[in-house]
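Colleague: I would like a close look at one part of this model, together with what packs around it. Please take your time and explain the terms as you go.

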Amino acid sequence: MAMPWPLYKHIPLNLSFKATSHLLPMASLKSFFLVFLLIAVSSILKPACAQLSRNFYRRICPQALPEIRKVVRRAIRNETRIGASLLRLHFHDCFVNGCDGSVLLDDTANFIGEKTSLANNNSARGFNVIDDIKSAVNRVCRGNVVSCADIVAVAARDSVAILGGPDYPVLLGRRDARTASRDAANNNLPAPFFNFSQLLSNFQAHGLDLKDLVALSGGHTLGFAKCATFRNRINNDTNIDPNFAASLRAGVCPASGGDNNLQPLDATSGRFDSVYYQALLKEKGLLHSDQVLFKRDGSQSDRLVQRYSYNRFAFNIDFSYSMIKMGNIKPLTGNDGEIRLNCRKIN
């Protein structure tokens with residue numbers, strides 16, 4: 001079910017979390033934000049995922065969510081970049097056969113998993129943090145009651161919140177897959193060289209729409225990309241600031257070599273903000289798949305990029321809604337799947 005476009009249309013265009021202190025007390029603003037998202041949650045729920053609930057662990061382990069946040073906070077304190085990695089894990093989990101924790105599985109004699117897929121091999125990170133969370137949660141819950149799929153979803157949200165983004169509600173009660181597929185990952189995860197039509201088709205295949213595409217791409221406000229993922233862009237794309245491209249060619253991404261050299265995805269890669277969209281307006285998107293969101297043709301995509309670039313409140317709301325929506329892609333519930341004791345292998 002789509003959210004009416006847009007529910008916040010009467011909010012002043014310059015409204016943002018930082019800029020609203022003169023309009024609303026921060027506590028009131030946060031309450032409004034939570035109520036807004038709870039309305040959004042009710043619009044997302046479908047019969048197939050009706051067993052997901054914000055309060056799923058309230059009775060069986062009320063300590064679970066605070067413990068997850070504690071471990072995520074400690075991990076980010078040790079390495080800020082890990083927050084982006086945990087967010088990316090959730091994306092890559094949900095886009096391959098649903099949000100079922102399959103991205104975490106190591107290869108077995110029966111299947112080749114997702115970790116060695118084109119998008120994940122030597123790229124996906126954060127598995128050790130998920131292991132740490134699982135051990136900590138099992139300890140405080142005195143048993144194996146929290147799924148790895150839920151841990152991935154909550155760790156992504158906590159990373160966003162800790163790094164300055166919205167603390168959106170996460171629906172819980174997912175169970176873990178008993179298999180994984182490298183082929184499915186190769187066929188479902190969008191590539192950094194995708195054009196706009198390919199990106200939109202990919203998102204639509206997962207029940208997401210154009211607004212979700214633009215909002216969720218804002219996750220690239222956090223983290224880094226390897227030279228190999230943007231070398232072609234800085235050498236061949238025309239929709240790129242020439243000085244920006246030249247600085248990258250002369251620095252972290254030469255014509256040959258340095259494939260694994262890292263470049264921040266935006267100028268504030270350790271803070272969840274709207275600088276990513278501001279960069280797109282200046283044709284300084286690092287990845288080809290980022291810059292195609294702003295085409296200078298007056299399209300809906302252009303309008304969303306422009307809006308998010310100056311209205312962080314709108315971005316936070318839409319990002320939160322789209323994350324909740326993405327988190328509901330084909331979850332395993334009830335008696336389907338299992339709750340893994342070790343997130344890397346089936347029970």
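Modeller: Happily; what follows is a walk around one helix, its partners and a few residues close by in the account.

This is a predicted model, in which local features need pLDDT of at least 70 and side-chain atom pairs count only at pLDDT 80 or more, while totals for chains, interfaces and linings use all residues. Residues are numbered from 1 along each chain as its sequence is written, and side-chain values use heavy atoms, with hydrogens and water left out.

First, the setting. The protein has 14 helices and two strands (DSSP runs numbered from the N terminus: H or I of at least four residues for helices, E of at least two for strands). Of its 347 residues, 54% count as buried (under 20% relative accessible area; exposed is over 50%, partly exposed in between, with a 1.4 Å probe and protein chains only). Among contacts in the protein (heavy atoms within 4.5 Å) with a separation of 6 or more, 77% are between residues 24 or more positions apart.

The part I have picked for you is helix α3, residues 82–94. Its 13 residues should span 18 Å at 1.5 Å a residue, and the end C-alpha atoms are 19 Å apart, which agrees (the expected span is 1.5 Å times one less than the number of residues). Twelve of the 13 residues of α3 are buried, so this helix is largely enclosed by the rest of the structure. The buried ones are I82, G83, A84, S85, L86, L87, L89, H90, F91, H92, D93 and C94. What covers them includes α2, α4, α5, α8 and α14.

Let us take α14 from that list. Its axis comes within 10 Å of the axis of α3, and the two cross at roughly 45° (axes are lines fitted to C-alpha atoms, for helices over the stretch in contact, and angles run from 0 to 180 degrees between N-to-C directions). That makes α3 oblique to α14 (under 35 degrees is roughly parallel, over 145 roughly antiparallel, 65 to 115 roughly perpendicular, and the rest oblique). On the α3 side the contact uses L87, H90, F91 and C94, and on the α14 side F319, M323 and M326. By class, this contact has six nonpolar, one polar and no charged residues (Ala, Val, Leu, Ile, Met, Phe, Trp, Tyr, Cys and Pro are nonpolar; Asp, Glu, Lys and Arg are charged; the others, Gly among them, are polar).

Stay on α14 for a moment and look at S322, which lies in this helix, residues 312–326. S322 counts as buried at 2% relative accessibility. Apart from neighbours within four places in sequence, S322 contacts K211, D212, A215 and L216. The helix α14 is also among the elements covering the buried residues of α13, along with α7, α8 and α11.

Some of the other helices covering α3 also pack against each other. Helix α2 (residues 64–78) and helix α5 (residues 148–162) meet at an angle of about 55°, with axes 9 Å apart, and are therefore oblique to each other. α2 passes α5 in a right-handed crossing (the near helix is turned clockwise from the far one by less than a right angle; anticlockwise would be left-handed). L65, I68, R69, V72, R73 and I76 of α2 touch I151, V154, A155, R157, D158, S159, A161 and I162 of α5. Nine of the residues in the contact of α2 with α5 are nonpolar, one is polar and four are charged.

The same α5 also packs with α4, at about 115° and with axes 10 Å apart, and these two are therefore roughly perpendicular. This crossing of α4 past α5 is right-handed too. I130, I133 and K134 in α4 meet C148, I151, V152 and A155 in α5. Here the classes are six nonpolar, no polar and one charged.

Finally, follow the chain out of α3. The loop between α3 and α4 holds N97. N97 is not a glycine, yet its phi is positive, about 60°. Most residues other than glycine have a negative phi. N97 is partly exposed, with a relative accessible area of 41%. K330, in the segment after α14, likewise has a positive phi, near 40°, without being a glycine. At 54% relative accessibility, K330 counts as exposed.
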